Amino acid sequence: MKSLSRYLFLALAIGLLFSACKSKKNITTGPQPSGTINTTPSTSPGASLPVKKLPMAPVALQPLNYQMPEMPREFRGVWIATVANIDWPISPTDAYEKQKRDFLDILDYYKNLNFNAVIVQIRTAGDAFYPSNLAPWSKYLTGTQGKAPNTNENPLTWMIQEAHARGLEFHAWLNPYRATMNLNTTDLSPEHDYNKHRNWMLKYDTKYYYNPGLPEVKAHLLAVIKEIVDNYDIDAIHFDDYFYPYKVAKLDFPDRDTYNKYKKPGQSQDDWRRENVNQLILALNQTIKQSKPWVQFGISPFGVWRNQDKDPNGSPTRAGQTNYDDLYADVLLWMKNGWVDYMVPQLYWSMEHKLASHRILNDWWARNHYNTNIYIGNGPYKIREDSDVAWQNPKEINNQISYTRTLPTIQGNAFFSAKSMKIKNQDVAQLLKGELYNEPTLPPSFQPIGTSIIDTPVVFNVEANAELTTIRMANPLDPAIRYALIQGANELSQLAESTIHPVWVGGLRTRSLEVKSLNTKYLAIRWIDHYGRIVQNQVYQIP
């Protein structure tokens, strides 16, 4: 894999001025990811040594005809599980301010490890970590389902802002069909769907589930997603592996009556179940893209589509359950039809596991991507906690990522879960940073649907003194612009690999930015939009 440039976040002050808008321009450049960057201190010799100190009086910088190169890409995500308070909040009864500090601690920890995305669980079982007209507040946030947190602040809005301020994409993770975590329904809020729509619920083993075969359930889930997409500046909607529940021996999922009512002539129950999930995935994709075409739709399925003994196109594995046959999730169809933007198959086995080898499954997903971005889901939670002796090696995760990087159709990794490398296995995290994540990178790119038209940023002038650099635009920034990426160097040849300073400007329509002066001879400004495309870049020289 290419060497990745080293970057450093600096504290940047944004001065916002508002004025009139000018011309529009079609943007037809190739796609990039939703614009976020995570950074670490640069150790390049002389990186912080300016050629000369700028005077206190502002100096106008001169534009140069110099093109900055593309930036490297790799997805580096971490799941932050809220169900049963796995990762966050540490306790549902903690004061809200403490919960905020704990969340920031997770963000800062993974930012320091050069991650660039967080996958945050905001719906665990018919509940919500945000004010909703469609679900009660989660008990994992406040201790009692339906009880609001003790604040006037919207927790989800705040979490998204804090992630973006650190250059982290925010993927909103929801579980669609799980309605409860156990059979004790006395603790459920009157606003929970179990109490409002009992006919939607099916009891299976130790939980209640939404009945995937009911049109009303599908419509409700689409409304849940639309509420989030419409109201929050998220980068993605994310589902995990729970569609129809994992099968329990000698126990059938009790949807026979629904099947008999809605099946097509000659349609088997298995095919009918798969069609229910397929229809939901297609409709979700359409709902998301109609509202905000730049919001990604990603799924993290169980790692095995089908075993080869069931299908010659399957993997040479012997998994006890599979997506297609047991969870009724035809993930290959979703990729073939372009219904998802990315997949994160959960390959939580060791490299040479006899039943499901991490290496073999990497190869299978690398071949069966259908032009969908593939990231590999890794399980550091198994380090020193699994009967497979391979997980006694703290470098198992590094070995897995090193192998993934040899496969050009796989573009990164995500790790379950946040506490597994923050609380239990910090040595694994340091090995990861020291050997593989020692340099920051951008997440991968996505193709917008159709032509995207925005107001292209046009810098009117740039002035700098010893303290502040002021960037003035000819017209207010289009809301589609997410970041200004600013770099400085004393040699043009060093500019592309110099420290990068991201300024979040998403939706602000600012016409002027004030940032801390870099006191370098050359200054580069790159603008990145909500698809992640770098739509404009300019280089300036101090006279």
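# A walk through the predicted model

Let's start with a small cluster of charges: Glu-74, Arg-76 and Arg-405 are joined in a network of salt bridges. Keep in mind throughout that this is a predicted model. Side chains of opposite charge can pair when their charged atoms come close. Across the whole structure, a search turns up 24 salt bridges.

Now step back to see the chain as a whole. The protein chain holds 14 helices and 21 strands. Its C-alpha trace spans about 80 × 50 × 45 Å along the principal axes. Does that go with a compact globule or not? For 543 residues, a compact globule would have a radius of gyration near 24 Å, and the protein chain agrees because its own value is 24 Å. Of those 543 residues, 59% are buried. The contacts tell you about the fold too: among those in the protein chain with a separation of 6 or more, 76% are between residues 24 or more positions apart.

What does the outside look like? The protein chain exposes about 21800 Å², and carbon and sulfur atoms supply 50% of that area. As for charge, there are 57 positive and 52 negative side chains, and the centres of the two sets lie 2 Å apart.

With the charges in view, here are three of the individual pairs. Asp-94 forms a salt bridge with Lys-98, with 3.3 Å between the closest N and O atoms. Asp-94 counts as partly exposed because its relative accessibility is 21%, and Lys-98, at 29%, also counts as partly exposed. Next come Glu-352 and Arg-359, whose side chains meet in a salt bridge at 2.5 Å, N to O. Here Glu-352 counts as exposed, with 52% relative accessibility, while Arg-359 is partly exposed at 30%. The third pair is Glu-463 and Arg-472, a salt bridge with an N to O distance of 3.4 Å. Glu-463 has a relative accessibility of 26% and so counts as partly exposed; Arg-472, with a relative accessible area of 32%, is partly exposed.

From these charged pairs, turn to a tryptophan. Trp-339 sits in the loop between helix H9 (331-336) and strand S11 (342-343). Is Trp-339 buried or exposed? The cut-off for buried is under 20% relative accessible area, and Trp-339 has 13% relative accessibility, so it counts as buried. Which residues touch Trp-339, apart from its neighbours within four places in sequence? The contacts are Asn-278, Ile-281, Leu-282, Asn-285, Phe-297, Leu-333 and Trp-334. For a sense of distance, look across to Ile-471: it is 132 residues from Trp-339 along the chain, and the two C-alpha atoms are separated by 40 Å.

A helix makes a good next stop. Why is helix H11 (residues 396-404) described as largely enclosed by the rest of the structure? Seven of its nine residues are buried, and therefore the description fits. Those buried residues are Glu-396, Ile-397, Asn-398, Gln-400, Ile-401, Tyr-403 and Thr-404. Their cover includes helix H10 (358-367), strand S12 (373-378), strand S13 (410-415) and helix H13 (426-435).

Finally, the backbone has a few spots that deserve a look. Most residues other than glycine have a negative phi, and most peptide bonds are trans. Against that background, Trp-88 and Pro-89 are joined by a cis peptide bond, with omega about -15°. Pro-89 is in the loop between strand S4 (75-80) and helix H1 (96-112). Another cis bond runs from Phe-416 to Ser-417, where omega is near -10°. Ser-417 belongs to the loop between S13 and helix H12 (418-424), and S13 is among the elements that cover the buried residues of H11.

Positive phi values appear as well. Asp-205 has a phi near 55°, positive in a residue other than glycine. You will find Asp-205 in the loop between strand S7 (201-204) and strand S8 (207-210), where it is partly exposed, with a relative accessible area of 38%. Lys-250 has a positive phi too, near 65°. Its loop runs between strand S9 (236-239) and helix H6 (256-262), and Lys-250 counts as exposed because its relative accessible area is 90%.

Conventions
Residues are numbered from 1 along each chain as its sequence is written. This is a predicted model: local features need pLDDT of at least 70, side-chain atom pairs count only at pLDDT 80 or more; totals for chains, interfaces and linings use all residues. Side-chain values use heavy atoms; hydrogens and water are left out. Helices (H or I, at least four residues) and strands (E, at least two) are DSSP runs, numbered from the N terminus. The radius of gyration is taken over C-alpha atoms; the globule rule is 2.2 Å times the number of residues to the power 0.38. Buried means under 20% relative accessible area, exposed over 50%, partly exposed in between (1.4 Å probe, protein chains only). Contact means heavy atoms within 4.5 Å. Accessible areas come from the Shrake-Rupley method with a 1.4 Å probe; for residues, only the protein chains shown count as cover. Lys and Arg count as positive and Asp and Glu as negative; His and the chain ends are not counted. The place of a charge is taken as NZ of Lys, CZ of Arg, CG of Asp or CD of Glu. A salt bridge is a side-chain nitrogen of Lys or Arg within 4 Å of a carboxyl oxygen of Asp or Glu.
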